[in-house]
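Please walk through this structure with the text below, taking the charged pairs and then the strands in turn.

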Amino acid sequence: MKYQKKDGVPEQQELFKRRGKEIPDTERLQTLQEKLYQKANQEPGYRFYVLYDKTFIPYILREAWKQVKANDSAAGLDGKTVAEVENYGVEKFLQELGEELRKQTYRPQPIKRIYITKPNGKLRPIGIGCIKDRIAQTVCKLIIEPIFEADFEDNSYGFRPERSSEGAMKEIKENLKSGKTEIYDADLSSYFDTIPHNKLYIVLKQRIADPRMMRLIDKFLKAPIKDKDRLTGGKSNKIGVPQGGVISPLLANIYMNLVDKAVNRETGIFSRSGIKIVRFADDFVLMAKDLKGKDVEYLQRLIQQMDLTINEDKTRIVKATEEPFNFLGFTIRYDKDIHGRESRYWNIVPSKKAVNKIVENIRETLHSSLHYSPDKLVKSLNEKLRGWLNYYDLPGTSYPACSKRALRYYLNTSLYRYYNRKSQRKSSMYRQHAFEILVKKFGLVDPTKYKS
């Protein structure tokens, strides 16, 4: 949802009240969040003393359950799935969790750690919590998120309501057009794993004065991690927010907001140098017409004071008019006019890595689905294609036409090979234009004609 800067109760709420009907859970939660947001927005120094009592309100628990169910991710260490919770009884399950929260006897279970292979071959750790813990984290997030949303800067786009990478790329393009073409392309080493709890708590307490809510957040941060057969973390843990945790992206944004505010401070060194920042979670760029060494050194000292580490191997200064740079899977280039004119333009396209990744995903799908029917194969491919195209096709901002054509060509050739080797018995699309048939008869997405 988007928090609005306005007073009063939404008209729809009043309508429900006037008609004597029970207000839906979603509407009640929205009203609460808007009140929290408005209070925080109107009083920047206000600290909220009564928050924890809201964690066991039934309608908030029900709304948190809806979000957890919608994600339907893998089971945690207890092996309990969404279906099993439904068989047990959702109302009973939420009542029990609510009682644990009310009595302050709630204790998170250990987090199951798994590893996902990154495009460079390295492994990325992900934590999977149990369903009960995911609900509890979602409850906490629903309560404190609107408070900190009032404090967040406009240049932050990652893991926030109604914000996305599209907004980040639009702002980057606008900054480039205004002449801010010197870029400090920053990369933080293991950001989520290195956030210091003591300094994060200082930032949280600027808004949260309820010690019970702080203890609940502390429990989330100190939940043990089960990595294969070894337990790590626990009460002795002093750094890091669990990657994969529901509340982790919000906590990460709260801490990185310190950097946003430092760069945007009107009387600060960065503003005096005309520097802008665009950030998506822990990925960010500084943009200026003239990026001076003292500005970069000041940022590096700030990051160091926050007990974070800049990855020197991946961080660089770029003159965008002379060489391209990558951000959030896009490549930003200053290209010559395609018609041979003297003018140049800012071109934002999917990066080579992004194109290679979707091609690899299609290859894996075809390799693992030799016995799929055409409609099942199309459904599987379309899920991947739509997700990729919706992300990279940003009208008025990005220009993925070449990547779309390359993707169409790959689908055309790979599907031809797929049906020629599908089985010893020739299929109906053997030596046919399989791609065109799947597009016309089964609704396969044609990347060159797709509109998000």
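A residue is called buried when its relative accessible area is under 20%, exposed when it is over 50%, and partly exposed in between. By that cut-off Asp-260 is buried, because its relative accessible area is 0%. The model is a predicted one, and the values that follow are computed from it.

Asp-260 is a good place to begin, as it takes part in a salt bridge. Its partner is Arg-279, and the closest N and O atoms of the two are 2.8 Å apart. Asp-260 belongs to helix α11, which covers residues 248-264, while Arg-279 belongs to strand β6, residues 276-280; the pair therefore ties together parts that are 19 residues apart in sequence. Arg-279 also counts as buried, because its relative accessibility is 0%.

What is the total number of salt bridges that the structure holds? There are 26. Two further examples involve residues with other degrees of exposure.

One of them joins Asp-290 to Lys-292, with 3.5 Å between the closest N and O atoms. Asp-290 has a relative accessible area of 41%, so it is classed as partly exposed. Lys-292 is partly exposed too, with a value of 35%.

Another joins Arg-316 to Glu-323, where the closest N and O atoms are 3.2 Å apart. Here Arg-316 has a relative accessible area of 34% and is partly exposed. Glu-323 is likewise partly exposed, at 34% relative accessibility.

Salt bridges can also link up beyond a pair. Asp-53, Asp-210 and Arg-212 are linked in a network of them.

The strands come next. In what order do the 4 strands of the open sheet lie? The order is β2-β1-β4-β5, and the pairing is mixed. Strands β2 (123-128) and β5 (230-232) stand at the edges; each has a single partner strand, so one side of each is left without a neighbour in the sheet. From one strand to the next, the twist averages 40°.

At the β5 edge, the partner can be followed residue by residue. Strand β4, made up of residues 225-227, is joined to β5 by 3 bridges, and the two run antiparallel. Within this pairing, Lys-226 stands opposite Leu-231 of β5.

To return to the starting point, Asp-260 is the buried residue whose salt bridge with Arg-279 ties helix α11 to strand β6.

Note on methods
Residues are numbered from 1 along each chain as its sequence is written. This is a predicted model: local features need pLDDT of at least 70, side-chain atom pairs count only at pLDDT 80 or more; totals for chains, interfaces and linings use all residues. Side-chain values use heavy atoms; hydrogens and water are left out. Two strands pair if DSSP finds at least two bridges between them. Axes are lines fitted to C-alpha atoms, for helices over the stretch in contact, and angles run from 0 to 180 degrees between N-to-C directions. A salt bridge is a side-chain nitrogen of Lys or Arg within 4 Å of a carboxyl oxygen of Asp or Glu. Buried means under 20% relative accessible area, exposed over 50%, partly exposed in between (1.4 Å probe, protein chains only).
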